[in-house]
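Work through the exercises below with the sequence and the structure at hand. Each task is followed by a solution in steps.

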Amino acid sequence: MNDLFDLTGQVAIVTGASSGLGAHFAETLAQAGAKVAIGARRVDRLAALAEKIVGSGGTALPVELDVTDAASVADAIQTAHGALGPISILVNNAGIPSAGRAIEMEESEWDAVLDTNLKGAWLMAREVGSHMVAHETAGRIINIASIIGVGTAAKRVLAYSVSKAGMVSLTESLALELAGNGICVNAIAPGYIETELNSGFLQSSAGQRIATRVPIGRFGETRDLDGVLLMLAGPAARYVTGSVVTVDGGLSLSTL
Ligand code: NDP
C-alpha cells in the first residue's frame, strides 16, 4: 500500500523552487525517493536547497530557469534530463502576485503576471509533455493554482486571479490531450499557506481576521500540501486526471 506514494526512480522538475512552496515541494518529492531538478532565477538559493536535500540523502540538481523564456525552459529540461534521466514529474509552481485595483493596474503588471503564472506553466508543460511523450513516460504534471480564481474571487488581485483560473483550464485541456499517452495532469488549489514571504501579513491583525474565517481555524502550513502532492505525483494518481484538489482548510466554503 505504501508503494502508492513511493517515487523511487522518478525524476521531477519543480519550478519556483528557490523559496516558499516550491522549495518545500522539492524536499517532499526527494524524501519520497524522486531525483529532483529545482528551477528558478535565484541560483544561489537553489544551491543552498540542493545542499540541504543532498545532506538528507536525496538527489537534487539546481537549474537556472526563467519560465517566461522558452529558450531557458528548453535549456533547463535538457540539463535536468542530461544529469538525472528522463523527467517523469513536473510541478508547475512558479508564480508571482499582483496587487492594486483592476481599473488602475498597469499593462506591464498584467503581462508579467500572466506571462509567469500562466504562459510559463504552458511553456513548461509543452516542453516536458513532449519530452514525456517522446520517452513514453507515464508522467505526472501538477499545476499549482489557487482558491482565488477557482470559484472564489478577491479584490485587487485581478491578473493573479485570471492567471489561476487559466491554470485550471490549462490543467483540463492538457489532461484531455495527454491521457492517451498515460500522462496525468492535475492541479492543486491551495488556500492561505504560510511561507516566508507572506507570514508577516498572515500574522498581522488583518491576516488574523482572515484566519478566523478558515473553518479548520488556522492558515495552512507547507506540509499540509504533502499528502495531495505525493498522491498526484505517484502511482496513487494513475486514474486521476483533470482534477483540481483544493487544500484550504475549508476557506472557500466559508462565505460569512
Ligand atoms: P514565493 O514568492 O515564495 O515563490 C515563488 C517562486 O516562483 C520563487 O521561487 C520564484 O523564484 C519563482 N519565480 C517567479 N518568477 C519566476 C520565473 N519567471 N521563472 C522561474 N521562477 C520564477 O511564493 P509561494 O511559494 O507562496 O507561491 C508558490 C506558488 O503557489 C505560486 O504559484 C502561488 O501563486 C501559489 N500559491 C501560493 C499560496 C500561498 O498561500 N503561499 C496560495 C495559493 C497559491 P525566483 O524569483 O528565484 O525566480
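**Exercise 1.** Classify Glu221 and Arg223 as buried, partly exposed or exposed, and state how their side chains are paired.

Solution. The model is a predicted one.
- Step 1: Glu221 has a relative accessibility of 32%, so Glu221 counts as partly exposed.
- Step 2: for Arg223 the value is 56%, so Arg223 counts as exposed.
- Step 3: the two residues form a salt bridge, with the closest N and O atoms 2.7 Å apart.

**Exercise 2.** Find which parts of the chain are tied together by the salt bridges of Lys52 with Glu27 and of Glu196 with Arg45.

Solution.
- Step 1: the whole structure holds 4 salt bridges.
- Step 2: in one of them, the side chains of Lys52 and Glu27 meet at 3.2 Å, N to O. Lys52 belongs to helix H2 (residues 43-55) and Glu27 to helix H1 (residues 20-31), so this pair ties together parts 25 residues apart in sequence.
- Step 3: Lys52 is partly exposed at 48% relative accessibility, whereas Glu27 is buried at 18%.
- Step 4: Glu196 and Arg45 form another salt bridge, their closest N and O atoms being 3.1 Å apart. Glu196 sits in the loop between strand S6 (184-190) and helix H6 (199-203), and Arg45 in helix H2, so the parts tied together are 151 residues apart in sequence.
- Step 5: Glu196 is exposed at 51% relative accessibility, and Arg45 is partly exposed at 29%.

**Exercise 3.** Lys164 has no salt bridge; state how far away the nearest side chain of opposite charge is, and name a backbone atom that lies by the side chain of Lys164.

Solution.
- Step 1: Lys164 is placed in helix H5 (residues 158-178) and is buried.
- Step 2: side chains of opposite charge can pair when their charged atoms come close.
- Step 3: the nearest candidate for Lys164 is Glu109, 14 Å away; a salt bridge needs a nitrogen and an oxygen within 4 Å.
- Step 4: a polar atom of the Lys164 side chain lies 2.9 Å from the backbone oxygen of Ile144.

**Exercise 4.** Which residues form a negative surface patch, and where is Glu107 found?

Solution.
- Step 1: the patch consists of Glu106, Glu107, Asp111 and Asp115.
- Step 2: Glu107 is in helix H4 (residues 107-134).
- Step 3: Glu107 has 62% relative accessibility and so counts as exposed.

**Exercise 5.** Locate Glu136 and give its phi angle.

Solution.
- Step 1: Glu136 lies in the loop between H4 and strand S5 (140-144).
- Step 2: phi of Glu136 is positive, about 50°, although Glu136 is not a glycine.
- Step 3: at 74% relative accessibility, Glu136 counts as exposed.

Methods: Residues numbered from 1 in each chain as written. Predicted model: local features only at pLDDT ≥ 70, side-chain atom pairs only at ≥ 80, totals over all residues. Heavy atoms only, no water. Patch = residues over 30% accessible without salt bridge, like charges linked within 9 Å, V, L, I, M, F, W, Y side chains within 5 Å. Areas by Shrake-Rupley, 256 points an atom, 1.4 Å probe, with all protein chains shown as cover. Lys, Arg positive; Asp, Glu negative; His and termini not counted. Charge placed at Lys NZ, Arg CZ, Asp CG, Glu CD. Helix = DSSP H or I, 4+ residues; strand = E, 2+ residues; numbered from the N terminus. Buried < 20%, exposed > 50% of the residue type's maximum accessible area, 1.4 Å probe, protein only. Polar contact = N/O pair within 3.5 Å; in protein donor to acceptor, adjacent residues only side chain to side chain.
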